[in-house]
Amino acid sequence: AAATSNNVQYLINIAVLATERGDFETATETLRAVIGEHQHNFNVRFNYGLALLRGGDVEAAEQLLLDTVRLFPESGASWATLAEAQLDAGDSAAAIDSYQRARQLGVDSAELFFQLAEAARREGNVDLEAESMDAFNARQSDTEFEPTSRFLLLSDAEARATLITTLIESASVYAENRDSTRAEMLLLRALAIDPMHIAVCATLA
């Protein structure tokens, strides 16, 4: 059965949590299951591309993100993540263009300027490198946490509990859609995080 919008949001949530905790396999598998039916869902595309990139599949991430910025050209986050993929792929000139586009769309993070400085260094653009490092240093004193770093503030126990809860919820969505295989896969991942978790054991039983 096709996933409803509520079900898709559950899967996006689990992918975001998994990416934040470094479980890129769970993130990519979760979104790979729905992206075919939700090609025009920005959150599915962006988080799938991010999970691919963080998991080391740079080529697939770059292609997906190129398509994403064509569909959503006003998304600064997509341009910045595409730039990161291009930099990882060794195309520093393209990365500079994408970082600059992200800047025009309001992305103003220290991380962006640090990576832009690196891209400029590789291209031998001394002026842009110096300008970007100045911007990076100026933002280092900013104490506001980036949204993508929010789970780093959680203790390990809190993060595990949050991820397990989301895994259980997503498994329930799959079970409701009679996809017992994926439901069991998610529950087994939750059990691997906490083998003694009562709710997981009860659900599997």
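Which residues is Ser78 in contact with, leaving aside its neighbours within four places in sequence? In this predicted model, the contacts of Ser78 outside that window are Phe42, Phe46, Leu65, Thr68 and Val69. Ser78 itself lies in helix H5, and with a relative accessible area of 0% it is buried. Two of its partners, Phe42 and Phe46, carry numbers that fall in helix H3 (42–54), while Leu65, Thr68 and Val69 belong to the residues of H4 that meet H5. The surroundings of Ser78 therefore serve as a starting point for the helix packing described below.

**Overall architecture**

The secondary structure of the chain comprises 11 helices and 0 strands, so that reading along the sequence gives the pattern α-α-α-α-α-α-α-α-α-α-α. The chain has 205 residues, of which 42% count as buried. Among the contacts with a separation of 6 or more, 55% are accounted for by residues 24 or more positions apart.

**Three helix pairs**

Two packed helices are described by the angle between their axes and the distance between the axes. The table gives these values for three pairs.

| Helix pair | Axes come within | Crossing angle |
|---|---|---|
| H2 and H3 | 9 Å | roughly 145° |
| H4 and H5 | 9 Å | roughly 150° |
| H7 and H8 | 8 Å | roughly 160° |

For H7 (residues 110–123) and H8 (residues 126–139), the crossing angle of roughly 160° makes the two helices roughly antiparallel. H7 passes H8 in a left-handed crossing, and the contact is formed by Ala110, Phe113, Phe114, Leu116, Ala117, Ala120 and Arg121 on the H7 side, with Leu128, Glu129, Ser132, Met133, Ala135, Phe136 and Arg139 on the H8 side. Divided by class, the residues of this contact are 10 nonpolar, 1 polar and 3 charged.

H4 (residues 58–71) and H5 (residues 76–88) cross at roughly 150° and are therefore also roughly antiparallel to each other, again with a left-handed crossing. On the H4 side the contact involves Val58, Glu62, Leu65, Leu66, Thr68 and Val69, which meet Ser78, Trp79, Thr81, Leu82, Ala85, Gln86 and Asp88 of H5. The class composition here is 7 nonpolar, 4 polar and 2 charged residues.

The crossing of H2 with H3 is likewise left-handed. From H2, the residues Phe24, Ala27, Thr28, Leu31, Arg32, Val34 and Ile35 meet Val44, Arg45, Asn47, Tyr48, Ala51, Leu52 and Arg54 of H3. This contact contains 9 nonpolar, 2 polar and 3 charged residues.

**Helix geometry and burial**

An α-helix has 3.6 residues a turn, so residues three or four places apart point the same way. H2 (residues 24–35) has 12 residues, which at 1.5 Å a residue should span 16 Å, and the separation of 16 Å between its end C-alpha atoms agrees with that expectation. The buried residues of H2 are Thr26, Ala27, Thr28, Thr30, Leu31, Val34 and Ile35.

H3, with 13 residues, reaches 18 Å from its first C-alpha to its last, close to the 18 Å expected at 1.5 Å a residue. This helix is mostly covered, since 10 of its 13 residues are buried; they are Val44, Arg45, Phe46, Asn47, Tyr48, Gly49, Leu50, Ala51, Leu52 and Leu53.

For H4, the 14 residues should span 20 Å at 1.5 Å a residue, and the end C-alpha atoms are indeed 20 Å apart. Val58, Ala61, Glu62, Leu64, Leu65, Thr68 and Val69 are the buried residues of H4, and what covers them includes H2, H3 and H5.

**The loop between H2 and H3**

Is Asn41, in the loop between H2 and H3, buried or partly exposed? Asn41 has a relative accessible area of 23%, which means that it counts as partly exposed, whereas Ser78, at 0%, is buried. Leaving aside neighbours within four places in sequence, Asn41 is in contact with Val8, Ile12 and Phe72. Asn41 and Val8 are 33 residues apart along the chain, and their C-alpha atoms are separated by 9.5 Å.

Methods. Residues are numbered from 1 along each chain as its sequence is written. This is a predicted model: local features need pLDDT of at least 70, side-chain atom pairs count only at pLDDT 80 or more; totals for chains, interfaces and linings use all residues. Side-chain values use heavy atoms; hydrogens and water are left out. Axes are lines fitted to C-alpha atoms, for helices over the stretch in contact, and angles run from 0 to 180 degrees between N-to-C directions. Helices (H or I, at least four residues) and strands (E, at least two) are DSSP runs, numbered from the N terminus. Angles under 35 degrees count as roughly parallel, over 145 as roughly antiparallel, 65 to 115 as roughly perpendicular and the rest as oblique. A crossing is left-handed if the near helix is turned anticlockwise from the far one by less than a right angle, and right-handed if clockwise. Contact means heavy atoms within 4.5 Å. Ala, Val, Leu, Ile, Met, Phe, Trp, Tyr, Cys and Pro count as nonpolar, Asp, Glu, Lys and Arg as charged, and the others, Gly among them, as polar. The expected span of a helix is 1.5 Å times one less than its number of residues. Buried means under 20% relative accessible area, exposed over 50%, partly exposed in between (1.4 Å probe, protein chains only).
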